[in-house]
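Student: Could we go through this one together? I'd like to start with the pockets and then wander a bit.

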Amino acid sequence: MTNIDGEISRLSNKDVKIRRRAVRMLFEENNPRALKGFVKLLEDSDFWFRNKSLDAHRKWANSAQDLEPLLENHKRLVAELLQRIDAPEIAMELLKEDDYITRSFAAQSLAKHEDLHLKFAEDEHHSVRIIAAENSVDEKLISSLIEDKHSSVRRMAISSAAKNKLKLSSQTLESGLSSSDPALRSLVASLAVTAGGDVLEKACKDNNPKVRKSIAETLRLEVTEVDERIDLIAGINPEIILRWVRSRHDPKSSSLRWAMIENTSLNSRIRSKLIEQMDGRNDVDRQRLAIISDDDSTLVKIAADNLSESLDELEG
C-alpha cells in the first residue's frame, strides 16, 4: 500500500523525476487526503505540475476549506468547483469578479437563491443573465428578460415561462411573437395557446413550421375538447386543427370535423384528410357523406367514396 504522507513529501523533492513519480503514485492511489500536497504545485514553474495540481483539485476538492487556498490566484477554478461543492459565501464573493466566466459559475451554484435572481438579471454578461431566466418564476422578471438584448436569454426566459405556466401579459407575448427568431416565436406560441384571444390569433398567422408545430403540440397536450381556442384556430389555420382532431371523435369534435369538411372554401387536401380520419368507424353520418360524395373537388370525392366503401364492408 502506498505511503500517502511519504509520497506527499516527495512532491517537494528537488529531483523532478521523483516529484513526477510521486504525482503519478498519488493519482493511482486516488486518496483525497493527497490534495493538501498539491496546493503549492499550483504555483510551480513547470506547466506539467501546475496542470496536475488543477486535476487534483478537480478530482478531490469537496469542501469550502479545500477551495480557500485557491481564492487568491485561481478564482475561475474555484468557481468551476462550486458546481459540486456547496460554498455559498465563496460564491457570493466571486459574483463581484470582473471575469464573466467566474461570475457565471458562481451564479450557477447560487441559482436556487430566489433573492439573487434580480442581481443575475442585471449582470452585464448574458451568461449570468441566462441563469436568472432559467431559474426564476417571477412573472415580472421573466417578462423583462423576454425583452433582453441577447437571443439566448430571451429563449430561456420564454422556455421558463412555458415550463412554469407563467401568465405573461398580452403585450409581452405579442412582443415575443414579433421576434425575427423562429425558435423564440415557437416558444411564445405555446404560451399563446394558453392565453387565447388576439395573441393566439397572431401566433396562428405565423407561417413558420416551427411555430405551427409548437401550437399543434401544445394543443395536443393541453386542450382536451373543442373550445373557443379550437374554433379560432380552425378559422385561421385549419391545418393545425387537422392534427388535433385526428384521434378525437366525441360529439363536439365530430361536429367540428364535419363543419370543416363541408366548408368548400377550405383546402381540398385538408378536407379529404378529415374524411380519412373517420375510416374504420361505424358511426359516420351517411346522409352528410352522400352529399360530400358529389363535391366539386376530385380529391374530396375520392376520399368520400373510399369511406363509403369502407362503411359498406364494416356493415357486411
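Student: Which helix gives the most to the lining of the second largest pocket?

Tutor: That is α15, with 4 residues. Before going on, please note that this is a predicted model, in which local features need pLDDT of at least 70, side-chain atom pairs count only at pLDDT 80 or more, and totals for chains, interfaces and linings use all residues. Residues are numbered from 1 along each chain as its sequence is written, and side-chain values use heavy atoms, with hydrogens and water left out. Helices here are DSSP runs of H or I with at least four residues, numbered from the N terminus.

Student: And what counts as a pocket, and which residues line the second largest pocket?

Tutor: On a 1 Å grid over the protein atoms alone, a pocket is an open set of points where a 1.4 Å probe fits, with protein on both sides within 12 Å along at least five of seven lines, and lining residues have an atom within 4 Å of a point. By that rule, the second largest pocket is lined by Lys213, Ala216, Glu217, Arg220, Arg243, Trp244, Arg246, Ser247 and Arg248. Besides α15, the helix α17 (238–245) also supplies at least two residues of that lining.

Student: How does that lining divide by class?

Tutor: The split is 2 nonpolar, 1 polar and 6 charged, where Ala, Val, Leu, Ile, Met, Phe, Trp, Tyr, Cys and Pro count as nonpolar, Asp, Glu, Lys and Arg as charged, and the others, Gly among them, as polar.

Student: What about volumes, for the largest pocket and the second largest?

Tutor: About 270 Å³ lies in the largest pocket, and the second largest has about 170 Å³; a volume is the space filled by probe spheres set on the grid points, which are joined across faces, edges and corners. The largest pocket has 13 lining residues, and those nearest its centre are Lys165, Leu166, Ser190, Leu191 and Thr194. Two or more lining residues come from each of α13 (182–195) and α15 (209–222), with α13 giving the largest share, 4 residues. By class, this lining has 7 nonpolar, 3 polar and 3 charged residues.

Student: Back to α15, then: which of its residues are buried, and what covers them?

Tutor: Val211, Ser214, Ile215, Ala216, Thr218 and Leu219 are buried, where buried means under 20% relative accessible area, exposed over 50%, and partly exposed in between, with a 1.4 Å probe and protein chains only. Their cover includes α13, α14 (197–204), α16 (228–236) and α17, judged by contact, that is, heavy atoms within 4.5 Å. At the N-terminal end, Asn208 acts as a cap, with a side-chain oxygen 2.8 Å from the backbone nitrogen of Lys210.

Student: Lys165 came up at the largest pocket. What is its phi, and is the residue buried or exposed?

Tutor: Phi of Lys165 is near 50 degrees, a positive value in a residue other than glycine. Most residues other than glycine have a negative phi. Lys165 sits in the loop between α11 (151–163) and α12 (170–177), and it counts as exposed because its relative accessibility is 59%.

Student: Changing topic, where does Asp295 lie, and what does its side chain reach?

Tutor: Asp295 is in the loop between α20 (286–292) and α21 (298–314), and at 11% relative accessibility it counts as buried. Its side chain makes a polar contact of 2.6 Å with the side chain of Arg271, and it also reaches the backbone nitrogen of Ser297 at 2.8 Å. A polar contact is a pair of N or O atoms within 3.5 Å; within protein, one must be able to donate a hydrogen and the other to accept it, and residues adjacent in sequence count only if both atoms are side-chain atoms.

Student: Why does Arg271 count as buried?

Tutor: Arg271 counts as buried because its relative accessibility is 2%. This residue lies in helix α19, and, leaving aside neighbours within four places in sequence, its contacts include Met260, Ile261, Ile292, Asp295 and Val300. In α19 (residues 268–276), Ile270, Ser272, Leu274 and Ile275 are among the buried residues too, and what covers the buried residues of this helix includes α17, α18 (251–261), α20 and α21.
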